[in-house]
Amino acid sequence: MDLIKHLETARAVMETSFHLQSRSMTGTAAFRSHMDHTRQAIQESRELLKRLRQRYREDMAQVLEDEDDLAPMRVSGFDADVLRSAFQNLVRDADVPECQWRVVAECLIREYVGCEQIEAGLLDWITKK
């Protein structure tokens, strides 16, 4: 009787160990999948910003040629909406804490516009929930 009890206990321990190991591998695979998705989203955001920045610079060069004058750096409503969407995706995918949103938005706008001065209203609008 003792032998059967010990065998059942050993079998239960082995099954529990197998389930824990299986669950751990599943959790690790899910974590890696989420990390890959986050990296991909960040890379896509960077590529989008590069394209937008290039288009903006081309547009500004055209404006300067047309007006033959130094125009202030401006962000159109469409560009602001695209920047806000990119910001929201970046914050969500990278899980950026809210206390760092303003800094992230400033960097995003500076990279896009290529100018150090950022209008506070644009920054507030992009970072609002």
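What follows is a walk through the fold of this chain, from its helices to the contacts that join them.

The model is a predicted one. Its secondary structure is easy to list, with four helices and zero strands. Read from the N terminus, the order of elements is simply α-α-α-α. Helix H1 covers 2-67, H2 covers 77-94 and H3 covers 101-113, and H4 takes in 120-127. The chain has 129 residues, and 23% of them are buried. If contacts are counted between residues at least 6 apart in sequence, 54% of them join residues at least 24 apart.

The nonpolar core is a good place to start. In soluble globular proteins, nonpolar side chains tend to be buried together. The largest nonpolar core here has 19 residues, and Leu83, Phe87, Ile109, Tyr112 and Ile126 are the ones with the most contacts inside it. H1, H2, H3 and H4 each put in at least two residues. H3 is the top contributor to this core, with six residues. Ile109 gives a feel for how the pieces meet: beyond its neighbours within four places in sequence, Ile109 is in contact with Leu83, Gly114, Ile118, Leu122, Leu123 and Ile126.

Next come the helix pairs, beginning with H2 and H3. Their axes come within 10 Å and cross at roughly 135°. An angle of over 145 degrees would count as roughly antiparallel, so H2 and H3 are classed as oblique to each other. The crossing of H2 past H3 is right-handed. On the H2 side, the contact uses Asp79, Leu83, Ala86, Phe87, Leu90 and Val91, and these meet Trp101, Val104, Ala105, Leu108, Ile109 and Tyr112 of H3. By class, that contact has eleven nonpolar residues, no polar ones and one charged.

Val104, in helix H3, shows this contact from the point of view of a single residue. With neighbours within four places in sequence set aside, Val104 is in contact with Phe87, Leu90 and Val96. The C-alpha atom of Val104 also lies 9.2 Å from that of Thr127, a residue 23 positions away along the chain.

The link from H2 on to H3 has a feature of its own. Asp95 is found in the loop between these two helices, and Asp95 has a positive phi of about 55° although it is not a glycine. Is Asp95 buried or exposed? With a relative accessible area of 66%, Asp95 is exposed, because anything over 50% counts that way.

H2 also packs against H4. Here the axes come within 9 Å and cross at roughly 45°, and these two helices are therefore oblique to each other. This crossing, too, is right-handed. Ala80, Asp81, Leu83, Arg84 and Phe87 in H2 meet Leu122, Trp125, Ile126 and Thr127 in H4. The residues of this contact divide into six nonpolar, one polar and two charged. Leu83 and Phe87 of H2 turn up here as well as in the contact with H3.

That leaves H3 with H4. The axes of this pair come within 10 Å, with a crossing angle of roughly 120°. H3 and H4 are therefore oblique to each other, and H3 passes H4 in a right-handed crossing. From H3, the contact draws on Trp101, Arg102, Ala105, Glu106 and Ile109, while H4 provides Ala120, Leu122, Leu123, Asp124, Ile126 and Thr127. Sorted by class, the residues come to seven nonpolar, one polar and three charged.

Leu123 makes a handy close-up of that contact. This residue is in helix H4, and where does Leu123 fall, buried or exposed? Leu123 is buried, with a relative accessible area of 4%, because the label applies to values under 20%. Not counting residues up to four places away in sequence, Leu123 touches Arg102, Ala105, Glu106, Ile109 and Ile118. Arg84 is 39 residues from Leu123 in sequence, yet the two are 9.3 Å apart in space, C-alpha to C-alpha.

Methods. Residues are numbered from 1 along each chain as its sequence is written. This is a predicted model: local features need pLDDT of at least 70, side-chain atom pairs count only at pLDDT 80 or more; totals for chains, interfaces and linings use all residues. Side-chain values use heavy atoms; hydrogens and water are left out. Buried means under 20% relative accessible area, exposed over 50%, partly exposed in between (1.4 Å probe, protein chains only). A nonpolar core is a set of buried Ala, Val, Leu, Ile, Met, Phe, Trp, Tyr and Cys residues joined through side-chain atoms within 4.5 Å. Contact means heavy atoms within 4.5 Å. Axes are lines fitted to C-alpha atoms, for helices over the stretch in contact, and angles run from 0 to 180 degrees between N-to-C directions. Angles under 35 degrees count as roughly parallel, over 145 as roughly antiparallel, 65 to 115 as roughly perpendicular and the rest as oblique. A crossing is left-handed if the near helix is turned anticlockwise from the far one by less than a right angle, and right-handed if clockwise. Ala, Val, Leu, Ile, Met, Phe, Trp, Tyr, Cys and Pro count as nonpolar, Asp, Glu, Lys and Arg as charged, and the others, Gly among them, as polar.
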